[in-house]
Amino acid sequence: MVMHPIRILGVDPGLRRTGWGVVAAEGSRLSFIACGCVESNGKLSLAERLRELHVGLTEVLERHRPHEVAVEETFVNKDAQATLKLGHARAIALLVPALANLSVAEYASNLVKKTVVGVGHAEKAQVGAMVRVLLPKATPKTADAADALAVAITHAQHRQARALARRVLESAS
């Protein structure tokens, strides 16, 4: 049976910077394709900043043509206003691939860290270091891009279990 590589886009949503990373998964083998950040201008209105994120993520989809997308879930902190703004950016990260009819998976931050580092409360530096170990050709210039690659790696590791669970649920109904 011939396996074809699956391109996975990982997204680490943020209003200021949304990190993105693309990997190819062929069985258990991963390879780095690209990564970067979509940035919004902090001097613009919220609506204009969200439009910038939408345009930027749409360009990433068009350029790299992923088969599947994984988005990190929102981390709720004590600053309700910051959490709400992050939620807006996350909505764009979910909407753009959905509009392109792509499958979108969501992963908790602790699961991403546990999958990539082995510890659910790992520091950003540890995540970045392990991303470089797992994807030696990766060139993340920011922690946001490294985190997005970690989300893509997490999806690559968990996608088969998710597909199996979905099939079991469908056959039970």
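Okay, let's start in the middle, with the nonpolar core. The largest one in this predicted model has 22 residues. If you want to find it on the screen, look for Val 23, Leu 30, Val 131, Leu 135 and Leu 149, the residues with the most contacts inside that core. And where do its residues come from? Strand S2, strand S3 and strand S5 each supply at least two, and so do helix H3, helix H4 and helix H5. In case you're counting along the sequence, S2 is 17-26, S3 is 29-39, S5 is 103-107, H3 is 109-116 and H5 is 143-172. Which of them gives the most to this core? That's H5, with seven residues.

Let's zoom in on Leu 149. Skip its neighbours within four places in sequence, and Leu 149 is in contact with Gly 21, Val 22, Val 23, Phe 32, Ala 34, Cys 35, Val 131, Leu 135, Ala 138 and Pro 140. There's also a second, separate core, this one of 19 residues, and it includes Trp 20, Val 60, Val 71 and Val 96.

Now some helices. Take H4, residues 124-134. Which of its residues are buried? They are Val 127, Gly 128 and Val 131. Those residues cover an arc of only 100° around the axis, so they sit on the same side of H4. Flip to the other side of H4 and you get Ala 125 and Val 133, which are exposed.

Next, H3. Its buried residues include Ser 109, Val 112 and Val 116. Here the arc around the axis is only 60°, so again they're on the same side of the helix, H3 this time. Just after H3 comes Gly 118, and its phi is positive, near 100°.

Since we're on phi, a quick bit of background: most residues other than glycine have a negative phi. So let me show you two with a positive one, neither of them a glycine. Arg 65 has a phi near 45°. You'll find Arg 65 in the loop between H1 and strand S4, which is 68-72. Is Arg 65 buried or exposed? Exposed, because its relative accessibility is 52% and the cut-off is over 50%. The other one is Asn 101, with phi near 60°. Asn 101 is in the loop between helix H2, residues 80-99, and S5. Asn 101 counts as exposed too, with a relative accessible area of 72%.

Okay, two charged side chains next. Arg 49 belongs to helix H1, residues 46-64. Buried or exposed, what would you guess for Arg 49? Its relative accessibility is 13%, and since buried means under 20%, Arg 49 counts as buried. So who's around it? Leave out residues up to four places away in sequence, and Arg 49 touches Leu 15, Arg 16, Ser 40, Asn 41, Gly 42 and Leu 44. With Asn 41 we can be more specific: a polar atom of the Arg 49 side chain lies 3.4 Å from the backbone oxygen of Asn 41. And if you go ten residues away in sequence from Arg 49, to Glu 39, the C-alpha to C-alpha separation is 8.6 Å.

The other one is Asp 144, in helix H5. Asp 144 is buried as well, at a relative accessible area of 14%. Again not counting residues up to four places away in sequence, Asp 144 touches Asp 12, Arg 17, Gly 19 and Cys 37.

Let's zoom out to finish. How many helices and strands does the protein chain have? Five helices and five strands. Going along the sequence, the pattern reads β-β-β-α-β-α-β-α-α-α. The radius of gyration is 16 Å, close to the 16 Å from the globule rule for 173 residues, so the chain is as compact as a globular protein of that length. Along the principal axes, the C-alpha atoms fill a box of roughly 55 × 40 × 35 Å.

How much of the chain counts as buried? Of the 173 residues, 41%. The accessible surface comes to about 9,800 Å², and carbon and sulfur atoms account for 55% of that. One more number, about contacts between residues at least 6 apart in sequence: 59% of those join residues at least 24 apart. Leu 149 touching Val 23 is one you can find on your own screen.

Definitions and conventions:
Residues numbered from 1 in each chain as written. Predicted model: local features only at pLDDT ≥ 70, side-chain atom pairs only at ≥ 80, totals over all residues. Heavy atoms only, no water. Helix = DSSP H or I, 4+ residues; strand = E, 2+ residues; numbered from the N terminus. Buried < 20%, exposed > 50% of the residue type's maximum accessible area, 1.4 Å probe, protein only. Contact = heavy atoms within 4.5 Å. Polar contact = N/O pair within 3.5 Å; in protein donor to acceptor, adjacent residues only side chain to side chain. Arc of directions from axis to C-beta. Core = buried A, V, L, I, M, F, W, Y, C linked by side-chain atoms within 4.5 Å. Rg over C-alpha atoms; globule rule 2.2 N^0.38 Å. Areas by Shrake-Rupley, 256 points an atom, 1.4 Å probe, with all protein chains shown as cover.
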